[in-house]
Amino acid sequence: MLCPECGKRPATLHYTKIVNGTKTEFHLCEVCAQEKGEYMPSFDHGFSFHQLLSGLLNFDTPSNETAHGSYQQQSLRCPTCGLTYNQFSKIGRFGCGDCYHTFRDRLQPLLRRIHGQSVHRGKIPERTKGELKLKRELEHLKEELARKIKEEAFEEAARLRDQIRSLSERLEK
């Protein structure tokens, strides 16, 4: 795609601007982007998902972490590939599948911040919708039951307990 401004160079900078709810897409070459003041020098060498993830990782250090905890985090190393958490936070990708297990405690808050939860909840395939839907509803009811017990709302907790029993029986059939 050629830059619509100059019509000479390829458009290499693609971005969307939203101002007061109005969305505008731009596709410019670097020269025209600089002239319009839309060029960002931090993108000189490109921008990747790994840089984005790496940037997010820099913010997930708990504020109450002790110096000892910080040292432990730096020395946390995957036993399979030898990747440290520090290296992971710089490059933004794992060395092997075991890294997910090794760094699990550090990934949970990151995943919750990015996705809103740390458990994948994808769409339910139509052919299995019934059973999966019941399992998810059962899981939700159990979480709600735990909250009601903690709040000491025992009447509502009893109602939820009965719903859980009923759903469990439906799943077993």
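Here is a chat between two people about what this predicted model shows and how its labels are earned.

Colleague: What does the chain come to, in helices and strands?

Modeller: The count is 8 helices and 2 strands. Reading from the N terminus, the order is β-β-α-α-α-α-α-α-α-α.

Colleague: How do you know which element the predictor has the lowest or highest confidence in?

Modeller: By mean pLDDT, the predictor's confidence in each residue, from 0 to 100. Helix α3 (residues 67-75) has the lowest mean among the elements, 48, and helix α8 (residues 154-172) has the highest, 91. For the chain the mean is 76, with 71% of residues reaching 70 or more.

Colleague: Over which residues does pLDDT stay under 50?

Modeller: That would be residues 59-73, where the model has 12 contacts beyond four places in sequence. Where pLDDT is low, the predicted coordinates should not be read in detail.

Colleague: On to the strands. What makes β1 and β2 a pair?

Modeller: Pairing takes at least two bridges. β1 and strand β2 (residues 22-28) have 7, in the antiparallel sense, so they count as paired. As part of this, Tyr 15 stands opposite Phe 26 in β2.

Colleague: What is notable about phi at Asn 20?

Modeller: Asn 20 has a positive phi of about 50 degrees, although it is not a glycine. Most residues other than glycine have a negative phi. Asn 20 sits in the loop between β1 and β2, and that hairpin has 2 residues between the strands.

Colleague: Why is Asn 20 called exposed?

Modeller: Its relative accessible area is 78%. Exposed means over 50%, so Asn 20 is exposed.

Colleague: Where does Pro 10 lie, and what is it in contact with beyond its neighbours within four places in sequence?

Modeller: Pro 10 is in the segment before β1 (13-19). Setting those neighbours aside, Pro 10 is in contact with Met 1, Leu 2, Cys 3 and Cys 29. Pro 10 and Cys 29 are 19 residues apart along the chain, and their C-alpha atoms are separated by 5.8 Å.

Colleague: Why is Pro 10 buried or exposed?

Modeller: The cut-off for exposed is over 50%. Pro 10 has a relative accessible area of 51%, so it is exposed.

Colleague: What makes a group of residues the largest nonpolar core here?

Modeller: A core is made of buried nonpolar residues joined through side-chain atoms within 4.5 Å. The largest such set has 9 residues: Cys 78, Leu 83, Tyr 85, Phe 88, Cys 96, Cys 99, Phe 103, Leu 107 and Leu 110. Two helices, α4 (85-91) and α6 (104-115), each supply at least two residues of this core. In soluble globular proteins, nonpolar side chains tend to be buried together.

Colleague: Which residues does Cys 99 touch, not counting those up to four places away in sequence?

Modeller: Cys 99 touches Cys 78, Cys 81, Leu 83 and Phe 94.

Colleague: Why does Glu 144 count as buried or exposed?

Modeller: Buried means under 20%. Glu 144 is at 19% relative accessibility, so it counts as buried. Of the 173 residues of the chain, 24% count as buried.

Colleague: Where is Glu 144, and what makes its link to Arg 147 a polar contact?

Modeller: Glu 144 lies in helix α7 (residues 129-150). The limit for a polar contact is within 3.5 Å. The side chains of Glu 144 and Arg 147 make one at 2.4 Å. As for Arg 161, 17 residues from Glu 144 along the chain, the two C-alpha atoms are separated by 9.8 Å.

Colleague: What about Glu 152, and why is it called exposed?

Modeller: Glu 152 lies in the loop between α7 and α8. At 58% relative accessibility against a cut-off of over 50%, Glu 152 counts as exposed. Like Asn 20, Glu 152 has a positive phi without being a glycine, here about 60 degrees.

Colleague: What does UniProt list for residues 131-170?

Modeller: The unreviewed entry gives "coiled-coil region" for residues 131-170. In the model this span is 92% helix and 0% strand, with its end C-alpha atoms 9 Å apart. UniProt also has "domain: UVR" over residues 135-170, again in an unreviewed entry. For residues 135-170 the end C-alpha atoms lie 10 Å apart.

Definitions and conventions:
Residues are numbered from 1 along each chain as its sequence is written. This is a predicted model: local features need pLDDT of at least 70, side-chain atom pairs count only at pLDDT 80 or more; totals for chains, interfaces and linings use all residues. Side-chain values use heavy atoms; hydrogens and water are left out. Helices (H or I, at least four residues) and strands (E, at least two) are DSSP runs, numbered from the N terminus. Contact means heavy atoms within 4.5 Å. Buried means under 20% relative accessible area, exposed over 50%, partly exposed in between (1.4 Å probe, protein chains only). UniProt positions are given in the numbering used here, feature names are shortened, and annotations may be inferred rather than shown by experiment. A polar contact is a pair of N or O atoms within 3.5 Å; within protein, one must be able to donate a hydrogen and the other to accept it, and residues adjacent in sequence count only if both atoms are side-chain atoms.
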